[in-house]
Amino acid sequence: MAANSTVIYRKDYTPPSHNIDSVNLVFDLIPTKTRVTSTLKITPRPGRRSDALELNGENLRIDSIRINGEPALSDQYDMFPGRLVFRSIAKPTEIEIVTTINPQENLQLSGLYMSKGNFITQCEAEGFRRITYFPDRPDVLSKYSVELHAPKDCKVLLSNGNLIEEGELPDGRRYAKWEDPFLKPSYLFALVAGDFVANEESITLADKRQALLQVWVEPGNDNKTAHAMESLKKAIKWDEKKYGLELDLDRFMIVATDDFNMGAMENKGLNIFNSRCVLADENVATDTDFTQIQATIGHEYFHNWTGDRVTCRDWFQLSLKEGLTVFREQEFSGDQLATESAKVVQRLKNVRALKAFQFPEDAGPMAHPVRPESYTEINNFYTMTVYEKGAEVVRMYQTLFGEEGFKKGLQEYIRRHDGSAATCDDFLNAMADANNADLSQFALWYSQAGTPRVSIKTEWNEQRNELTVRARQVLRTFPGQPKPKPMLIPLAIGILDDKGKDVPLQLVDETEPQGTTRVLRLTQEEQSWTFTNIIRQPTLSVGRGFSAPVIFDIDYSRDQLIFLAKNDSDLFNRAIAFEKLSLIAVDTLMNEMRTQKNDSNLSPMTSYLTTFQEILEDDSLSPAYRAEVLKLPSETAVAEQSIIVEPELIRSALALMQKKIGQRLTSTLEKWMKLCETIGPYKCTPELAGKRALRHLMLEYLVASGNVKAVQQARTLFDKGNNLTDKLSGLRTIALSGTPIGRELIQTAVRAWSNEPLLFNKVLQIYALARPSKGDIPTVEKMRQMMFNQAFDIKNPNNVFSLLRTFFQNGGPEFHTLDGTGYQLWIDTVLEIDKFNPQVAARLGRALENWRRYEPNLASMMYKALSYVSAQNNLSNDLREIVDKALYEPV
Ligand code: TRP
Ligand code: ZN
């Protein structure tokens, strides 16, 4: 663990003092004492402030240091906690450092560690310093050659780049030599050694070169790699075609491992993946997983250009590679879908995740700009803001300049910065120059935190046939900071006439209309536009396709929302209109429940149900779209729009609403369940997945209404389904309905699936969400029991996240109990995990950060829980930053 916790500021950036031209690494891989010999060729950089060379190191034992072949003398260097400083390197120098590390004891999963007997590395952001002393910063780019020596049973020895040779050492151990032809920062270094098998395939690239693709997995999992391989090939073709960016290596490898802190990692030529983001077949992966795997494989592959060939100057620029790569991954995923409506479903899912998780982050104590100004622990800044809001910022360039303009900008960026470390400003400047635009105001998206609100008013002048649209932007102000400046916010709008048809859009000073969707540029605090030829009663559709990561405030009447939900030609906004309608319905229910205790005569509005039914019966809409639109808002989404969060009330209102829909629309729901039946062997196509999604949604409503036949159908899905999507859906539906057989079915699943890690994690998630039925012991107790299950491993991040994060984030009133037992579980587990894996502990720690928004009884207990953790004196920097910001950051 790092020895000190200091705040690091973006303004303090200084360039490196020395270049590390080449790195040669020799690993003698032994689980408890791996010896690392690192030879660095160093040249001082012109203009450096000092001849001192500072190397980072953490948890390393130094065996020897040599300078230009001679043992280093003690007056040539100084040791500090976490640093080794050579006093003066004023000319080209070779330094050899031999260190010993203990991969077996490395439970942080950062640096070199063991997973099921295999050696794995994870170096982003600052893991390389846990392998050897090095200037562990992304703006030091070097050529790497690597030699691996390993025990006999390590059949597979991998590192970045090209395999130079491999074979047996005189003592019977195995060795391999690798060379990476490209410059890279240390965070992209990787090695893998152990027992793996590969699914491999040779492909021809656009320029006719051959490349070898390999997906390495544990023996026995090789039958689950086909989807990953297909996804990789699609990603390679897509980047060639879309942006002219080719695979630059002869060999591209993916390795799957069960013990991994995050989803996956883009190490040059050797991507390492959490197995849940690679392995798939109909028995271990759901429709969602298939899509997710394709996206993640795409994401890591696209990093090869946006991240690896062009990397980040410093970690404040993280969104330069992450926001851009998430955007590229989203575009790739969209392009794999055949229909407009399927693309909209994907967009809706992304935007809903942004609203449910990034918006609260941006409104809470961890709020930070897309390019943060400071951090204590960089691992805490792999956030929804840097990734997902960052992707929306990149999307806005495309919204402003069009696909062609965006492509020109991206290519210009690569042309300028290939082989180097760049900044967010560099990206903005390339976009601006390629499109002859002034983006100085747009730059505020990188420096101002908080979700902007755009409130919109319309005025229709019936005599003049004019519609005036007034927009006002309201930005979050932070205590003690200057007032934020108005931002450039692209507003994609359309106007519907009284029949629901799009009106051609013509501003008063224009001679002819220009299309039916237009992007207005809001640049001032307040601005207005007047459209002419608006002859019939207009309705404004604003933020089409979610044209900016903002909250659109517009006072629609219920009738207007219904009208938009039925008629908007923009399918995205149609769904959003219905979502608003649902949120109003939930809100109305919550208000009624607050005042009258007896809920038997409460019901959502009739007009809501009619609209629901109309959308459900609209055959022009794909089943996938209907399923996405008609599902109720999540508890998190309702919480996000509540001023004071009352988990119990949210739960009851949503449950009641679900029940009423099930009761009032029974025959229609049953009809669509039948119509969406899929027969034959499982295939994950968007069409079939859409049918399954709609069918399962119908089933959920029916089960919620207490329909006995439906409960039986759900049970049959779980028992007899020929694919995991059906099985899990049956199980989840029953578990979430609180039906007494739920617990029994879950126990069956736990027993049947505890030997298969992917399935065990699935069942842990459902276990954490299951609603108790009468007489059940409290869910918190159930959680503690599961942690004693012999299949549950607290050292494994997937197990921890599946069980605990699911519970802390989505457990609702089962977690937020008035007796405080939920928070006590949070305290106990966060503190226990922090002792060995601070990254994971910090991620769990964030579950309480928005405590201020909860109803007072809960809020004060949450505050106490945070204070208790904060009072411990052995916290990691990671967890300390999270709890202290939650407690003390002014909001
Ligand atoms: N760069 C990785 C990605 O977005 C994510 C990542 C960062 C990561 N740090 C990590 C993955 C630590 C695993 C562990 O693709
Ligand atoms: Zn990434």
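Below is a chat about a predicted model and the two ligands discussed in it.

User: Hey, which residues come nearest to ligand 1?

Analyst: This is a predicted model, to start with. The shell around ligand 1 has 14 residues, and the ones that come nearest are Glu124, Glu266, Glu300, Glu322 and Tyr387.

User: What's the mix of nonpolar, polar and charged residues in that shell around ligand 1?

Analyst: Going by class, you get 6 nonpolar, 3 polar and 5 charged residues.

User: And which helices or strands supply at least two residues of the shell?

Analyst: There's the strand β20 (264-265), plus the helices α2 (287-302) and α3 (318-335). Each of these gives at least two residues to the shell around ligand 1.

User: OK, how far is a nitrogen atom of ligand 1 from an N or O atom in the side chain of Glu124?

Analyst: That distance is 2.5 Å. Glu266 also has a side-chain N or O atom 2.7 Å from a nitrogen atom of ligand 1. For Glu322, the distance from a side-chain N or O atom to a nitrogen atom of the ligand is 3.1 Å.

User: How much of ligand 1 does the protein bury?

Analyst: Taken alone, ligand 1 exposes 370 Å², and the protein buries 97% of that.

User: Switching topic: what coordinates the zinc ion?

Analyst: The zinc ion is ligand 2, and its coordinating residues include His299 and His303, each through NE2. Glu322 is listed for two OE atoms, and the distances run from 1.9 to 2.8 Å. Glu322 is also one of the residues that come nearest to ligand 1.

User: What spacing do the zinc donors follow along the chain?

Analyst: They follow H-x3-H-x18-E. His299 sits in helix α2 and Glu322 in helix α3, so this pair ties together parts that are 23 residues apart in sequence.

User: Why is the arrangement around the zinc ion called irregular?

Analyst: Because of the angles: the 6 donor atoms around the zinc ion subtend 47 to 161°, which makes the arrangement irregular. Six donors would count as octahedral if opposite ones were over 155 degrees apart and all others between 65 and 115.

User: Is His299 buried or exposed?

Analyst: His299 counts as buried, because its relative accessibility is 6%. Glu322 counts as buried too, at 1%.

User: Last one, where does Gln336 lie?

Analyst: Gln336 is in the loop between α3 and α4 (340-363). With 29% relative accessibility, Gln336 counts as partly exposed. Its C-alpha atom is 9.3 Å from that of Trp238, although the two residues are 98 residues apart along the chain.

Definitions and conventions:
Residues are numbered from 1 along each chain as its sequence is written. Chains are lettered from A and ligands numbered from 1 in the order in which they are written. This is a predicted model: local features need pLDDT of at least 70, side-chain atom pairs count only at pLDDT 80 or more; totals for chains, interfaces and linings use all residues. Side-chain values use heavy atoms; hydrogens and water are left out. A residue is near a molecule or strand if one of its heavy atoms lies within 4 Å of it. A polar contact is a pair of N or O atoms within 3.5 Å; within protein, one must be able to donate a hydrogen and the other to accept it, and residues adjacent in sequence count only if both atoms are side-chain atoms. Accessible areas come from the Shrake-Rupley method with a 1.4 Å probe; for residues, only the protein chains shown count as cover. Helices (H or I, at least four residues) and strands (E, at least two) are DSSP runs, numbered from the N terminus. Ala, Val, Leu, Ile, Met, Phe, Trp, Tyr, Cys and Pro count as nonpolar, Asp, Glu, Lys and Arg as charged, and the others, Gly among them, as polar. Donors are N, O and S atoms within 2.8 Å of the metal (3.2 Å for Na, K and Ca); water is not among the atoms, so sites may look incomplete. Four donors count as tetrahedral if all angles lie between 85 and 135 degrees; four count as square planar and six as octahedral if opposite donors are over 155 degrees apart and all others between 65 and 115; anything else is irregular. Buried means under 20% relative accessible area, exposed over 50%, partly exposed in between (1.4 Å probe, protein chains only).
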